[in-house]
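Biologist: I should like to request a close look at a single part of this model, namely the cavity and the residues that line it. Please carry the account outward from there to the parts of the chain that are connected with it.

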Amino acid sequence: MSRVLLLGGTSEARELAALLDADPAFDVESSLAGRVANPRLPVGRSRIGGFGGVQGMVDYLAAGGFSAVVDATHPFAATISRNVAEAARISGLPLVSVIRPPWEPQAGDDWFRVPTVAGAAAEMAARPAGRALLTTGRQDVHEFAHLHAWWFVVRVVDAPSKGLPRRYALLLDRGPYTCAGERDLIQRNRIDVLVTKNSGGDLVSAKLTAARELGVAVIMVDRPARPAGVPSVTTAVEAHAWLATLA
Ligand code: NAP
């Protein structure tokens with residue numbers, strides 16, 4: 001039986017945990033960062049909290065007798081992806097990443113792409129102030145705190161403890177969302193600009209369709225670079241198949 005450490009926090013990770021849990025060839029343990037107060041827990045065994053950097057993860061992999069590692073963390077969780085690439089290399093363990101494809105602009109989209117969340121805030125500062133739907137997540141809200149002339153709908157899973165902008169409405173929600181619901185949200189709040197990370201996937205993409213249909217501008221934060229040399233797949237089913245080839 002192959003013992004797999006599955007770094008999660010995404011829908012793909014939960015899907016893969018269920019696949020591996022149902023396969024007698026694997027013994028899977030999911031790992032969550034513990035950022036969200038009430039996380040959607042995967043099927044099977046899980047642990048919550050950081051490892052204490054690369055060395056902590058190396059120690060954890062050795063102590064647990066793991067034989068393979070999967071990085072199914074969010075495309076913007078750059079630190080943990082770097083750390084697991086390094087820890088797997090040091091430990092001599094196979095590692096695969098599950099990376100959902102990024103969203104691509106379609107006809108009718110009005111996207112302005114920026115390399116970082118701070119870049120999104122800088123772009124907003126350069127535009128006439130208006131009303132923004134901010135969906136970049138709790139940890140990045142502070143990047144927009146200085147934009148006093150803008151009004152925000154801040155949509156997050158858990159309320160940020162600090163760094164909220166001066167003028168905002170807080171919307172606690174975690175999706176998935178519908179196009180009708182997103183259209184209604186944008187229209188009700190007279191949103192001019194949608195700010196989002198290019199997370200990819202179907203669960204939260206309805207906001208992009210709604211923005212396109214309503215002619216709302218999108219400030220799209222591009223993904224951070226991935227660690228070099230790590231093989232990747234795009235779905236949980238592919239990751240399961242990849243792991244099966246190791247057996
Ligand atoms: P990050 O900046 O890449 O990681 C920061 C630290 O958090 C890591 O060094 C590690 O601590 C710990 N950590 C992160 N993911 C972990 C995991 N799955 N298991 C155990 N420890 C983990 O991560 P982040 O951007 O804060 O994201 C945290 C989690 O939320 C990830 O699991 C990610 O999949 C999920 N998430 C992130 C976003 C986003 O936009 N960033 C969106 C949705 C979900 P140590 O160094 O102590 O090991």
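Modeller: Thr-10, Glu-12, Ala-72, Thr-73, Pro-75, Val-98, Ile-99 and Arg-100 line the largest cavity. The model is a predicted one, and the description that follows should be read accordingly. The volume of this cavity is about 40 Å³, and the structure holds one cavity of 30 Å³ or more. Sorted by class, its lining comprises four nonpolar, two polar and two charged residues.

A suitable way out of the lining is by Arg-223. Not counting residues up to four places away in sequence, Arg-223 touches Pro-75, Phe-76, Ile-99, Arg-100, Pro-101, Pro-102, Asn-198, Ser-199 and Gly-200. Among the residues that line the cavity are Pro-75, Ile-99 and Arg-100. Arg-223 belongs to the loop between strand 11 (217-221) and strand 12 (232-233). Its relative accessible area is 21%, so Arg-223 is classed as partly exposed; the class of buried residues is reserved for values under 20%. Two backbone oxygens are reached by this side chain. A polar atom of the Arg-223 side chain lies 2.8 Å from the backbone oxygen of Arg-100, and the side chain reaches the backbone oxygen of Pro-101 at 3.5 Å. As for separation along the chain, Arg-223 and Val-204 are 19 residues apart in sequence, and their C-alpha atoms are 16 Å apart in space.

Strand 11 (217-221), at one end of the loop that holds Arg-223, leads to two further residues. Thr-196, located in strand 10 (residues 193-197), has Val-218, Ile-219, Met-220 and Val-221 among the residues that it touches beyond four places in sequence. The same list includes Trp-103, Thr-135, Thr-136, Lys-207 and Leu-208. With a relative accessible area of 1%, Thr-196 is therefore buried. Its side chain is joined to that of Lys-207 by a polar contact of 3.0 Å.

Phe-112, in strand 6 (residues 111-114), likewise touches Val-218, Ile-219 and Met-220, together with Glu-123 and Arg-127, when residues up to four places away in sequence are not counted. Phe-112 counts as partly exposed because its relative accessibility is 37%. Phe-112 and Ala-217 are 105 residues apart along the chain, yet 7.8 Å separates their C-alpha atoms.

On the ligand side, there are 22 residues around the ligand, and Gly-8, Ser-31, Arg-35, Phe-51 and Lys-197 come nearest. Three backbone approaches to ligand oxygen may be specified. A polar backbone atom of Gly-8 is 2.8 Å from an oxygen atom of the ligand. For Gly-52, a backbone N or O atom lies 2.8 Å from an oxygen atom of the ligand, and for Ile-80 the corresponding value is 2.9 Å. Lys-197 also provides a link to Asp-140: leaving aside neighbours within four places in sequence, Asp-140 is in contact with Val-117 and Lys-197. Asp-140 is found in the loop between strand 7 (131-134) and strand 8 (151-156). The relative accessible area of Asp-140 is 16%, so this residue is buried.

Returning to the part of the chain before Ala-72, one comes to Val-69 in strand 4 (residues 68-71). Val-69 has 0% relative accessibility and therefore counts as buried. Beyond four places in sequence, Val-69 touches Leu-5, Leu-61, Val-84, Leu-93, Pro-94, Leu-95 and Val-96. Val-69 and Arg-82 are 13 residues apart in sequence, with a C-alpha to C-alpha separation of 13 Å.

Two points of backbone geometry complete the account. Most residues other than glycine have a negative phi, and most peptide bonds are trans. Gly-175 and Pro-176, however, are joined by a cis peptide bond with omega of about 0°, and Pro-176 is situated in the loop between strand 9 (168-172) and helix 5 (179-188). Arg-190, which is not a glycine, has a positive phi of about 50°. Arg-190 occupies the loop between helix 5 and strand 10, and its relative accessibility of 55% is why it counts as exposed.

Conventions: Residues numbered from 1 in each chain as written. Predicted model: local features only at pLDDT ≥ 70, side-chain atom pairs only at ≥ 80, totals over all residues. Heavy atoms only, no water. 1 Å grid on protein atoms, 1.4 Å probe; cavity = no way out; pocket = protein on both sides within 12 Å on 5 of 7 lines; lining within 4 Å. Points joined across faces, edges and corners; volume = space filled by probe spheres on them. Nonpolar A, V, L, I, M, F, W, Y, C, P; charged D, E, K, R; others polar. Helix = DSSP H or I, 4+ residues; strand = E, 2+ residues; numbered from the N terminus. Buried < 20%, exposed > 50% of the residue type's maximum accessible area, 1.4 Å probe, protein only. Contact = heavy atoms within 4.5 Å. Near = heavy atom within 4 Å. Polar contact = N/O pair within 3.5 Å; in protein donor to acceptor, adjacent residues only side chain to side chain.
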